[in-house]
Amino acid sequence: MPSLLQRISKFKASSPLSYKMLTYILICSSLFTLITTGIQVYSDYRKDVSMVDERMSVIETSYMSSLSRSLWSLDQKLLNIQMQGILNLPDIIQLKLNVYPDSEIIMGELDPNISIISHTFPLIHESEEVYTLGELTISASMEDIYKNLKRKVFVILTTQALKTFFISILILWIFQYLVTRHLGKMAEYAQNLNINQLDKPLSLDRNESKFNRSDELSQVTNAINSMRLTLIDDLEKQNKSAKEIRKLSLAIDQSPSSVLICDRSWNIEYANKKFTQLTGHALKDIISKHPKEISGVISSEHTQLWDNIQLQVERVGVWQGEIHNSRNSGERYWEQSIITPIKDDEGKAIHYLILGEDISIRKRYEQQLLRQANYDILTGLPNRMLALDRLKLALAQARRDDQLVGLMFLDLDNFKHINDTMGHDNGDSLLIEASRRISSCLRGTSTVARLGGDEFLVILPSLANPEASEQVAERILQTFEPPFMLANQEVFVSTSIGIAIYPSDSDNSTTLLQHADAAMYEAKDKGKSAYQRFSPEMSQDSHERLQIESRLRRALELNELKLYYQPIVEAGTGRLVGAEALIRWNNRAMGLVSPDKFIPLAEETGLIIPIGEWVLKTACEDIKQWQKNTGLGLTIAVNVSPRQFRDAGFTNTIDKVLEDSKLDPQYLELEITERLILDNSIETSGIFKHLDDKGVKLSIDDFGTGYSALGYLKSYPFDTLKIDKSFVQDVIESSEDAALVTAIITMAHSLSLKVIAEGVEEAPQLDFLNQHNCDFAQGYYFNRSVPAEEFSLWMSDNLKATA
């Protein structure tokens, strides 16, 4: 007797369509059963849970006042009776009464293996005043709900599965009897149908009824029989059409795409489907017309083109080139065409073959590539390449006509800050509006170009005098005075402008551009929102900047960077709790370079990413070693710049540094600036969450000097707030600074934040901080920032002094 698997395999082989249908029915029915069961079970579960919640709400309504009175009158016996009454209610397994200030009564026990629902309400006594006496927590068991839920799931799934199975079998049997057996016969007939067996029509083994004669099986049967008759007719016509078929076959076989066949007078006789798809012209509408009449272009140039084509084809035997044609809809398109004659056996042209290919997309790509090569995609302004070409052209014309050319280098002030805090989309909108404002200040012969980022170049040809360039700069600065609207918010952005004049400042484009760039940086140094004419001494500043950037790129490779450490101590005891890592650069040629000089440059060039990674790695390794030496849980604080923070690999860098150094994440504290937290973006929130989940501490550096947003202090998982040294240094002399420092400490403690005061240099400052409960302090009063070796010695002395 065959097994069940053998029967299924036999059924699958004999009727694959039925087997697929059974499979789909079972799958769909099962999915539907699971979904409906899930909805019903979830609804019942929510209903049971709601009943328990309602029961607890009724208990609160019914017992709150009586329990409050018993508790107020200190009637222990009545209180126990009331609580026992609640405990006897269904599902209630424990009561926990907290009596203020420090008493507790518990009735019933909780099984840790049983899920519970808890409900807590206060016990309040109202007389002349309102007294909160305590709170009662009621715990109800979910065990009966879960047992009832399992029973329902089993019953529903069992009944639905049986119902689905029997209905599927019934549908399958009906489908096989009414459809699949006839389809099999049709397939067998169609497979055996050939030229030699056209005499016997297809017939199905079923009753002839009105319903059967109009259903799909009858329609397919009639279609197959009609096809049989059509084949018979086609065989009769085949011999008559052999010559025409051969002509069309030759033309189609030779065509790579669309095909037109013209007679010897260049009148169209045939067009293939590709041609009608390409142009939209129906064959009946173009028969006997000349190809130039269907192009949609009526001009003497077009007519002359076709006259030249015909002459070349007749003389040379081929023409190929690009033709600008028009579709039936009026849309213009470019076509790559090849036109050749079709010759008879004697070599005479009896027809002409026109092969065409739509190259419109290629043409658009060529134009797009040409535009991309010369224009900025975002603003539509000329890019650096086109701008330099126009500058060279303007200088050449100025040499010939003995004229002046002004070159202006513009850079938006604080653009990186806006881009960081408000997002790149708003940054792009700002660049577009800035380019529009700059362009509105120029005459038609001038050029404004975007060099990249927030840098623009303005070329002023044919200047009457050098002062004319300053007038243009004034107009540009005025157009930047109104605010920019970004994300429904007013933002004020200015620009710094550097000006260089041909030929007084330089007679070549490269040097002129460098001088304008140097003048722009001079304008920025003088306070931004200004313009500056180039002067020879600026070349030295520009050269120094390039020199610093070049040497900074090799600073890591040459081991010129070094970390200094300044201690962070407990304000009340002077006990060492950690250190802040501060980077120093000692270049062999320039000596000790100030961080204020090279850190902004590192941010601008992106070098802050590898430098920041080195700082993190070195600082974590040093603090780990000091922890081993002292046995103390010392914390290391590391400054993180906004660009470093938003780097795509920042969190991976933190994870790798912690893993390599074996440092517990709780001993790493990242110091960020206030303006970074104003960027309330999904990426920023995600980074903060990752660091918090990891256990890394977060600190706000130089608090009070930026754009403080107290709401964000609650939104993000900060641990520490650092008061800027500018407030701490004058805390004794300035009552305003004293009040501000006091307010910051109070506010931070209310948000459960620790406070570090920077810049403590004198004992009175430390006394003031201790009086106002400041947690930690750092500054010259304890020690300057020193290399790791000196810090180890200072640390040993501190440990002895505070032991």
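## A tour from helix α26 to the salt bridges

Begin by selecting L740, which is partly exposed because its relative accessibility is 34%; the limits are under 20% for buried and over 50% for exposed, with partly exposed in between, using a 1.4 Å probe and protein chains only. This is a predicted model, in which local features require pLDDT of at least 70 and side-chain atom pairs pLDDT 80 or more, while totals for chains, interfaces and linings use all residues. Residues are numbered from 1 along each chain as its sequence is written, and side-chain values use heavy atoms, without hydrogens or water.

L740 belongs to helix α26, residues 735-750. Helices (H or I, at least four residues) and strands (E, at least two) are DSSP runs numbered from the N terminus. Add V728 to the selection: its C-alpha atom is 9.6 Å from that of L740, and the two residues are twelve apart along the chain.

Next, select D730, E733, E761 and E762, which form a negative surface patch. Patch members have over 30% relative accessible area and no salt bridge, with like charges joined within 9 Å and nonpolar side chains (Val, Leu, Ile, Met, Phe, Trp, Tyr) within 5 Å. Asp and Glu count as negative, Lys and Arg as positive, and His and the chain ends are not counted; the charge is placed at NZ of Lys, CZ of Arg, CG of Asp or CD of Glu. Accessible areas come from the Shrake-Rupley method with a 1.4 Å probe, and for residues only the protein chains shown count as cover. Within the patch, E761 sits in the loop between β24 (754-757) and α27 (763-771), and E761 is partly exposed because its relative accessibility is 38%.

From that loop, step back to β24 and display β23 (residues 720-723) beside it. The two strands pair in the parallel sense over four bridges, where pairing requires at least two DSSP bridges. I723 stands opposite A757 of β24. Both faces of β23 are covered: T720 and K722 are buried on one side, and L721 and I723 on the other. K722 also joins E580, E671 and E758 in a network of salt bridges, each being a side-chain nitrogen of Lys or Arg within 4 Å of a carboxyl oxygen of Asp or Glu.

The whole structure holds 26 salt bridges. Three further pairs can be inspected in turn:

- K284 and D285 meet at 3.3 Å, N to O; K284 is exposed at 69%, whereas D285 is partly exposed at 40%.
- R553 bridges to E549, with the closest N and O atoms 3.0 Å apart; R553 is partly exposed at 46%.
- R575 bridges to E570, with the closest N and O atoms 3.2 Å apart; R575 is partly exposed at 37%, as is E570 at 24%.

Two helices come next, each with the glycine that follows. In α13 (residues 415-422), F415, H417, I418, N419 and T421 are buried, and G423, just after α13, takes a positive phi of about 95°. In α18 (residues 595-605), the buried residues include F598, L601, A602 and E603; G606 follows α18 with a positive phi near 90°.

Finally, select M142 in the loop between β4 (130-141) and α4 (143-192). M142 is buried because its relative accessibility is 3%. Its C-alpha atom is separated by 52 Å from that of R643, 501 residues apart along the chain.
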